[in-house]
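Please find below a short note for a colleague who is new to this structure. The model is shown first, and numbered points follow.

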Amino acid sequence: MSIKSIIKRIMRPVVRPLMVRIRNIVREELESVRKETVECKLSYAEAQLETDKILMRLAGLERRLRAHVRNEVPFDYSCDICDRRAFSLLFDRERNGEDMYNYICESCGFVFMWPRPTEKELMQLYQQSEFSLTARGSVMPDAQKYYDCERAAMVRYSDFQKHLSDACLDRPKGLALDIGTGVGSFVDVLRRNEYEAEGLEPDVTYAENSEKHYSITVHKVPLENFKPTRKYNLITAFNVLEHVLHPMRFVEDMRDLLHDAGILYLDMPGLDQMHTDIDKFFWKPHINTFTISSLRDLLQKCGFEPIYIGYSSLGFLDVMAKKDISASRTMKIGSSQALNVARAKSIIDAAYYQTGQLV
Ligand SMILES: [Zn+2]
């Protein structure tokens, strides 16, 4: 028997009575709220609010207790963003109902899946069409896929234009790169809007197909192996950052490819506004998860100055940023990171409570 399973066996009899005690305390609290309501000390709305607060606290306590018995803290991992080693389990399931462990870094609020795939496993997933088959629906895109992607590309371009206009920025003319090109629709939209746009897509089948379909150029390599001779004025990456093994290195690589006056525009699923129930939000290909604040910190740490961060018309966390050429790459962990951690945990507690599993 492993040390881990021995610890779990020891912990279970300790944790379970604790959970029973907490439930009893909550029941007593609820009963007192009910009595006060009956005695007309509280209006119904006030009583409901109090009840919600108590149940949400219970959700948080139960989630944290489960974390102690369900899985070990990844001792051999240093946070990809801040390099510290203090983590707690944030959520323990993925959309297919299987166990999947997402941790939060207690120093900076970065949320990540553990265990993580190796570089080799990730390369295999994306280069050999496995990802396209399971997540994009098929090895080759069909007519419906083109329709969906072209519609999404137009909505993204419209959001992009709006953020530029709100920030009173001119359109970054010239060379543009879309990373994680997929079927190629966004490169096509950029070209139709007079950019000299090209793509970068590690899935060779998808890349070759988009080259034929839209007559575009797609580099068929992962970002870390891409060594162009010219700098880009615009770099975009949609639904990409949540898939990469080292998000900080990935953002730094994008910075290196960008012209000093260039613009970066990204989107990804975000924790602040989950597009689905918590039970369906986390998913094995998404090995990183960001909030508005943790994404802002990452970009600043990588030498970017965010121009806009929010949620896009498609419901994704989106960010537009420009290079901060005076920025230091060694930004210290600030007080905002503690808020990132508390905020991410409270989002999960609230979402967990809303699933109604505890009542
Ligand atoms: Zn961290």
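The points below concern the sheet, the helices lying across it, and one long-form check of a helix.1. Residues are numbered from 1 along each chain as its sequence is written. The model is predicted: local features need pLDDT of at least 70, side-chain atom pairs count only at pLDDT 80 or more, and totals for chains, interfaces and linings use all residues.

2. Seven strands (DSSP runs of E, at least two residues, numbered from the N terminus) form an open sheet with mixed pairing, in the order β6-β5-β4-β7-β8-β11-β10. The edges are β6 (218–219) and β10 (304–311); each has a single partner strand, so one side of each lacks a neighbour in the sheet. Pairing requires at least two bridges found by DSSP between two strands.

3. Within this sheet, β4 (residues 175–179) and β7 (residues 232–238) are joined by 4 bridges in the parallel sense. Ala-176 faces Leu-234 of β7.

4. Helices are DSSP runs of H or I with at least four residues. Helix α6 (residues 185–192) lies across β4, β5 (196–200) and β7, at about 170° to β5. Helix α10 (residues 292–301) lies across β10 and β11 (317–323), at about 165° to β10. Angles run from 0 to 180 degrees between N-to-C directions, with axes fitted to C-alpha atoms, for helices over the stretch in contact; contact means C-beta atoms, placed from the backbone, within 7 Å.

5. Helix α5 (residues 143–166) has 24 residues and should span 34 Å at 1.5 Å a residue, which agrees with the 35 Å between its end C-alpha atoms. The expected span is 1.5 Å times one less than the number of residues. Just after α5, Cys-168 has a positive phi of about 55°.

Methods:
Two residues are in contact if their C-beta atoms, placed from the backbone, lie within 7 Å.
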